[in-house]
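Reader: I am in my first year, and I would like to go through a structure slowly, asking at each step how a description is justified. Could we do that together?
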Amino acid sequence: MALKQVKNKIIATKKTGQVTKAMEAVSAVKMRKSQERAFVGRPYVRSALNILSRLSASQDGLSHPFAEVRPEGKHLLVMVTSDKGLAGSVNSAVQKRVDEIIAAGDSVEILAIGRKAVEYAVRENVTLVGDYINVADGVSLVEVTSMADKVLSLYESPKYQKVSIIYQNFLSTFEQVPTLRTVLPLNPDEIKLMMDGIKPKSGKWSEIENSVGTPTDYLVEPSSEEVLNTLIPQLVAIIIYHALLESKASEHSARMVAMKNATDKSKELIKSLTIKYNKARQAAITAEVSEITAGVEAMGS
Amino acid sequence: MKLLNLTISRVDLPVFDGEVASVTVPGMSGEMTILANHTSIISPLKGGTILIKKENGEDESVSITSGTLEMSDNHATILI
């Protein structure tokens, strides 16, 4: 009977609405936490990049094997996505960008961070050189260092032309953009670009100015190469750490918005279903009443 | 006495930010004390303890496993 079906549908929709509402609340809390974490890390990243850009501007610049441009080779892509879905278009936007890169004819190999990236590489038949899943929200530096070591050891072989990282950059709760950055070879221009990117559009951290000091001649102790030897691994780790934090903040924000939309939609659906239910109920009552009156009239005459 | 601006930061939290009289760091080739108006320098650090001497005579120490020191314009930045 239609009446019963509609009633069941209302109950089911209500339950779904409760689930999405709970997920929205959970994501809201997680979002706040990861946003905070991403923002706290920003000044550090900025000063680290500052050091590097100053170093590159002074004396003999960046003379290090990791700073030299390689003419050809494969493109190692560090792809950062979330582990779980139901977060709007955060992951699909990243995947679309990777599609574009592959379509452009680059020979790509993927180092996947997050389950969705692993699934993508398997689905698209792209060589997977490493995978990291179940990275916690509070990413520990130890974890990141192991990722950075992996990237550095891979790049030591001349097989690769460059290493880049693709992730969702967090602009605001409602706006995240997939961002592609070159990690290696180190390039001062790219670093400057990244520094400019490390600034939220609005909020309490947006006012911090982004000044690159005038390049002074530095006393580099003990040697430029020695400094770069320690600074480059540190920087690669920082870039990955930063990308992870941004990606986490984006994921939770996007999920919160997606769940809010789902909750709103379920409320709408319940409303229209209730109207449908009441109409069907009224129709049944009317039909019954008219049957009874017709029966009474037949008996009376 | 001229003071030195010192910022020590770690990725997940800022460790120290303020004016100090001097700071002693474990450099690659031995300990190094930085005073105000030190010449611009970039140097990697090894594991050890950073000793901060404040203006009021108080001391503060931070232990590190590795890091990078950068100094310019009377502002020292240590990333650990």
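Reader: In which helix of chain A does A:S27 lie?

Author: This is a predicted model, so every value here is computed from predicted positions. In it, A:S27 lies in helix α1 of chain A, which covers residues 2-57.

Reader: How do you know whether A:S27 counts as buried or exposed?

Author: A residue is called buried when its relative accessible area is under 20%. A:S27 has 3% relative accessibility, and therefore it counts as buried. Leaving out residues up to four places away in sequence, A:S27 touches A:H252, A:R255 and A:M256.

Reader: What is the make-up of chain A in helices and strands?

Author: Chain A holds six helices and six strands, and read from the N terminus the elements follow the order α-β-α-β-α-β-α-β-β-α-β-α. Of its 301 residues, 45% count as buried. Among the contacts in chain A with a separation of 6 or more, 74% are between residues 24 or more positions apart.

Reader: And what are the elements of chain B?

Author: Chain B has zero helices and nine strands, so that along the chain from the N terminus the order is simply β-β-β-β-β-β-β-β-β. Of the 80 residues of chain B, 50% count as buried, and residues 24 or more positions apart account for 46% of its contacts with a separation of 6 or more.

Reader: How do you know whether the radius of gyration of chain B agrees with that of a compact globule?

Author: For 80 residues, a compact globule would be expected to have a radius of gyration near 12 Å, and because chain B has 11 Å, the value agrees with that expectation. Taken along the principal axes, the C-alpha atoms of chain B fill a box of roughly 30 × 25 × 20 Å. The accessible surface of this chain comes to about 3700 Å², with 47% belonging to carbon and sulfur atoms.

Reader: What makes you say that strand β5 of chain B is largely enclosed?

Author: The strand consists of residues 41-45, and five of the five are buried, so β5(B) is largely enclosed by the rest of the structure. The cover is found on both faces, since B:I41, B:S43 and B:L45 are buried on one side, while B:I42 and B:P44 are buried on the other.

Reader: Which strands pair with β5(B), and in what sense do they run?

Author: Strand β6 of chain A, residues 219-220, pairs with β5(B) in the parallel sense over two bridges, and A:L219 has B:I41 as its bridge partner. Strand β8 of chain B, residues 67-72, is joined to β5(B) by five bridges and runs antiparallel, with B:L45 standing opposite B:G67.

Reader: Why is B:S43 called buried?

Author: The relative accessible area of B:S43 is 2%, and the limit for a buried residue is under 20%, so B:S43 is buried. Apart from its neighbours within four places in sequence, B:S43 is in contact with residues of both chains, namely A:E221, A:V227, B:M32, B:T68 and B:L69.

Reader: Where is B:N74, and why is B:N74 called buried?

Author: B:N74 is in the loop between β8 and β9 of chain B. Its relative accessible area is 10%, and because buried means under 20%, B:N74 is buried. Not counting residues up to four places away in sequence, B:N74 touches B:K2, B:L3, B:L4, B:N5, B:A36 and B:N37. B:N74 and B:S40 are 34 residues apart in sequence, while their C-alpha atoms are 8.3 Å apart in space.

Reader: What is the phi value of B:N74?

Author: Phi of B:N74 is near 60°, which is a positive value in a residue other than glycine. Most residues other than glycine have a negative phi. A:N125 also has a phi near 60° and is a residue other than glycine.

Reader: How do you know whether A:N125 is buried or exposed?

Author: A:N125 lies in the loop between α3 and β3 of chain A. An exposed residue is one with over 50% relative accessible area, and A:N125, at 72%, therefore counts as exposed.

Key
Residues are numbered from 1 along each chain as its sequence is written. Chains are lettered from A and ligands numbered from 1 in the order in which they are written. This is a predicted model: local features need pLDDT of at least 70, side-chain atom pairs count only at pLDDT 80 or more; totals for chains, interfaces and linings use all residues. Side-chain values use heavy atoms; hydrogens and water are left out. Helices (H or I, at least four residues) and strands (E, at least two) are DSSP runs, numbered from the N terminus. Buried means under 20% relative accessible area, exposed over 50%, partly exposed in between (1.4 Å probe, protein chains only). Contact means heavy atoms within 4.5 Å. Two strands pair if DSSP finds at least two bridges between them. The radius of gyration is taken over C-alpha atoms; the globule rule is 2.2 Å times the number of residues to the power 0.38. Accessible areas come from the Shrake-Rupley method with a 1.4 Å probe; for residues, only the protein chains shown count as cover.
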